[in-house]
Amino acid sequence: LSTLAVALGMTAAASAVAKYPDKTITMYVAYSAGGTTDLTARALAQGMEKILGVPVAVENKGGGGGTVSATLLAAQKPDGYKLLVTSTGVMSMRPLMMKVAFTPANFAPLIQYSEYVGSLTVRKDAPYDTIEKFIAHAKKNPGMSYASSGVNTQQQIGVETVAKCKGLTFKHVPQKGGANSNTQLMGGHIDFIAGSGSHLPFVQQGEFRELLILHRETRDPTKPNVPIMKDIGCPPSNPALGMIVVAPAGLPADIAKMLEQAMKKVTEDESFQKLLKRFNLPYDFKDSTQLKAAIAKETVWYKQYLTENNLLLKK
């Protein structure tokens, strides 16, 4: 009887995979609407609809530096109908520094398609047009305010690395995503932002100015005049986090493979590549195996950083 039950169970599972997908797939986005994560996720969803033949609905679940959406996804069934576009930092860093209702083991990494390369960004009418002038101003005016996508997000850590290196003091005003940070800067409510990519159209329009690119070891060839950390005598900032798609742990291998292949095809398409170029986002594709290794390596870096800065969660 037990053997028959197992056989029937395997047949049912195979049948479920064969029918997948047969209804709407929901793709949560870890940050607010209008940012680079949101816009690339929506493009990814549109491409997936054409390949998979079912609607892919996008829902923004911002907050907590990505932990709100991760908590939501961790509680879903691993059937391929609930996915999340987020940052590798939610997997590698958040569980190390704050109490969350999930662990990395709650997720099945599927793909990475880009990276968040942030920058210290100001308005075009700011009284400093170089990073050297900015630092001089900050020394005379401690407590300058800035926004990022959340507390101890990649970009915020980058800015605080600059502050520590140069003996500066800033006031952090966390937001639910890059689009919110842009609004705060545009309205003059803060002095600068830790840009995460969604600021780039404003840079291209001449509304914002990038003073320092974070998370890069060499200057961006498309912006050779914008300095990086080593140009101002500071140690390298934290590594660039990946823009990734994950599912709940326990996702059947056949469904995971189907999703991975579909998303890879979408990200290789000319229209998706143009979107990345529009935001000056690098195309950095990693499959599930490569992504798992990258998250593990990233976790090691953040564990050391958080320990050295007394930010590691006490258990």
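Two residues are said to be in contact when they have heavy atoms within 4.5 Å of each other. The model described here is a predicted one, and with this meaning of contact in hand we can begin with a single threonine and then widen the view to sheets, helices and cores.

**T67 and helix α3**

T67 is found in helix α3, and if we leave aside its neighbours within four places in sequence, T67 is in contact with R94, M98, V100 and F102. Is T67 buried or exposed? A residue counts as buried when its relative accessible area is under 20%, and T67, at 8% relative accessibility, is therefore buried. Its side chain also reaches the backbone oxygen of G64, at 2.9 Å. The helix to which T67 belongs, α3 (residues 67–74), lies across β1, β3, β4 and β10, and runs at about 155° to β3.

**The sheet of six strands**

The strands just named belong to an open sheet of 6 strands, whose order is β2-β1-β3-β10-β4-β11 and whose pairing is mixed. At its edges stand β2 (56–60) and β11 (283–286), each of which pairs on one side only. On average, and with direction ignored, neighbouring strands of this sheet are turned by 20° against each other. Helix α2 (residues 36–52) packs on the sheet as well, where it touches β1 (25–29), β2, β3 (82–87), β4 and β10 (241–248), and its direction makes about 165° with that of β2.

Within this sheet, strand β3 holds V85, which counts as buried because its relative accessibility is 0%. Apart from neighbours within four places in sequence, V85 is in contact with M27, Y28, V29, A30, T37, A41, Y113, I244 and V245. V85 and T40 are 45 residues apart in sequence, while their C-alpha atoms are 9.2 Å apart in space.

**Strand β5 and its partners**

Why can β5 be called largely enclosed by the rest of the structure? The reason is that 4 of its 5 residues are buried. Strand β5 pairs with β8 and with β9, and the table sets these pairings beside that of β4 and β11, with the number of bridges in each.

| Strand pair | Sense | Bridges |
|---|---|---|
| β4 and β11 | antiparallel | 2 bridges |
| β5 and β8 | antiparallel | 3 bridges |
| β5 and β9 | antiparallel | 5 bridges |

Single residues can be followed across these pairs: S114 has Y283 in β11 as its bridge partner, T121 has I193 in β8, and L120 stands opposite L212 in β9.

**Helix α6**

Helix α6 (residues 131–140) has I131, F134, I135 and A138 as its buried residues. These residues lie on the same side of α6, because they cover an arc of only 100° around the axis. A general rule helps here: an α-helix has 3.6 residues a turn, so residues three or four places apart point the same way. The buried residues of α6 pack against β5 (119–123), β6 (144–148), α7 (154–166), β7 (170–174), β8 (192–195) and β9 (208–213).

**The nonpolar cores**

Which members of the largest nonpolar core touch the most other members? Of its 58 residues, they are M27, L44, M48, L83, L110, V245 and L259. Another core, of 23 residues, lies apart from it and has L120, I135, Y146 and L211 among its members. Two residues met earlier return here, since M27 and V245 are also among the contacts of V85, and I135 is one of the buried residues of α6.

Methods: Residues numbered from 1 in each chain as written. Predicted model: local features only at pLDDT ≥ 70, side-chain atom pairs only at ≥ 80, totals over all residues. Heavy atoms only, no water. Core = buried A, V, L, I, M, F, W, Y, C linked by side-chain atoms within 4.5 Å. Buried < 20%, exposed > 50% of the residue type's maximum accessible area, 1.4 Å probe, protein only. Arc of directions from axis to C-beta. Pairing = 2+ DSSP bridges. Axes fitted to C-alpha atoms, helices over the stretch in contact; angles between N-to-C directions. Polar contact = N/O pair within 3.5 Å; in protein donor to acceptor, adjacent residues only side chain to side chain.
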